Amino acid sequence: DPTQSAAKRTSPSRLEAFGSCPRKFFFRYGLGIKPPDEHVVNHEKWLDPLQFGSLLHDVFEDFLRELTKQSRIPELQRDWDNLLDLLRNKIAVLQQSIPIPNQNAYERQIQHLEKTCEVFLRNEEEHCRSTGSAPWVLEASIGLGHDPASPIDCADPVCLTLSDGRDIKVGGRIDRVDKIGGEGASDFSIWDYKTGSDWGFEESDPFRQGRKLQPFLYVGMLRHRLVETVDAEAQVNYFGYFFPGPKTGGLRLQWTK
């Protein structure tokens, strides 16, 4: 029971697992057992979905981190070559450890990666200009036991109070926090990258009966940290999912506070 005083840190993914299948939650987090890893070679894909998504997350993080150092927002015309070079450099590193099953499969995924980066950059420029927001903190680590690397990072989990008065200790890694309104502003937003399809995500049903808790929990976590470290009046205006894939076309789903 994550609300017991002796309970350790929980996370959105753990609670979502409980909402989807309590037995799976009990096996994994109660008994500590899980199915053995399967080694499956897919000759039609060079990277599996986890590797594909991890690569893009790393590219987006490194790219935006450099822009935040320069107090710039993304611009397609100015930044495309830099983003493409960053992607290709990371691909070259992965080639050393992940065998290419066949050249056609490899080239298809490279085209997909490049197109995703183009959609990402084009959409980011439009979004930042239209909302007056800019990336502020990337890969915020809250309650994961790591040394703080940003103003809102903390090693210990955040304690959130539920509607019935019980508490849960929550932690997680936030892909990105934007500041809205420029220097000195106290309004913020959260963006979580989804490099796959948008199946199972609906703007009209954000929580899906407890199967999607990340928006609610991340807003609570970030609000807690902002009040402690930035401004007592700081607000998290919204949480959003960003789908930069070519099929989703840069779809953004967001929920206000």
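Which residues make the nonpolar surface patch of about 380 Å²? Select Phe26, Phe27, Leu31 and Ile33, which form it; a patch joins nonpolar side chains (Val, Leu, Ile, Met, Phe, Trp, Tyr) within 5 Å, from residues with over 30% relative accessible area and no salt bridge. A salt bridge is a side-chain nitrogen of Lys or Arg within 4 Å of a carboxyl oxygen of Asp or Glu, and accessible areas come from the Shrake-Rupley method with a 1.4 Å probe.

The model is predicted: local features need pLDDT of at least 70 and side-chain atom pairs 80 or more, while totals for chains, interfaces and linings use all residues. Residues are numbered from 1 along each chain, and side-chain values use heavy atoms, without hydrogens and water.

Next, select strand β2, residues 158-161 (strands are DSSP E runs of at least two residues, helices H or I runs of at least four). Val158 and Leu160 point to one face and are buried (under 20% relative accessible area), whereas Cys159 and Thr161 point to the other and are not buried. Add strand β3, residues 167-170, which pairs with β2 in the antiparallel sense over 4 bridges; pairing requires at least two DSSP bridges. Valine 158 stands opposite valine 170.

Then display the open sheet of 5 strands, ordered β1-β4-β5-β6-β7 with mixed pairing. β1 (133-142) and β7 (251-256) each have a single partner strand, so one side of each lacks a neighbour in the sheet.

Finally, select β6 (residues 235-243), which pairs with β7 in the antiparallel sense over 6 bridges. Here phenylalanine 243 stands opposite leucine 251 of β7.

Definitions and conventions: Patches are made of residues with over 30% relative accessible area and no salt bridge: like charges are joined within 9 Å, nonpolar side chains (Val, Leu, Ile, Met, Phe, Trp, Tyr) within 5 Å. Buried means under 20% relative accessible area, exposed over 50%, partly exposed in between (1.4 Å probe, protein chains only).
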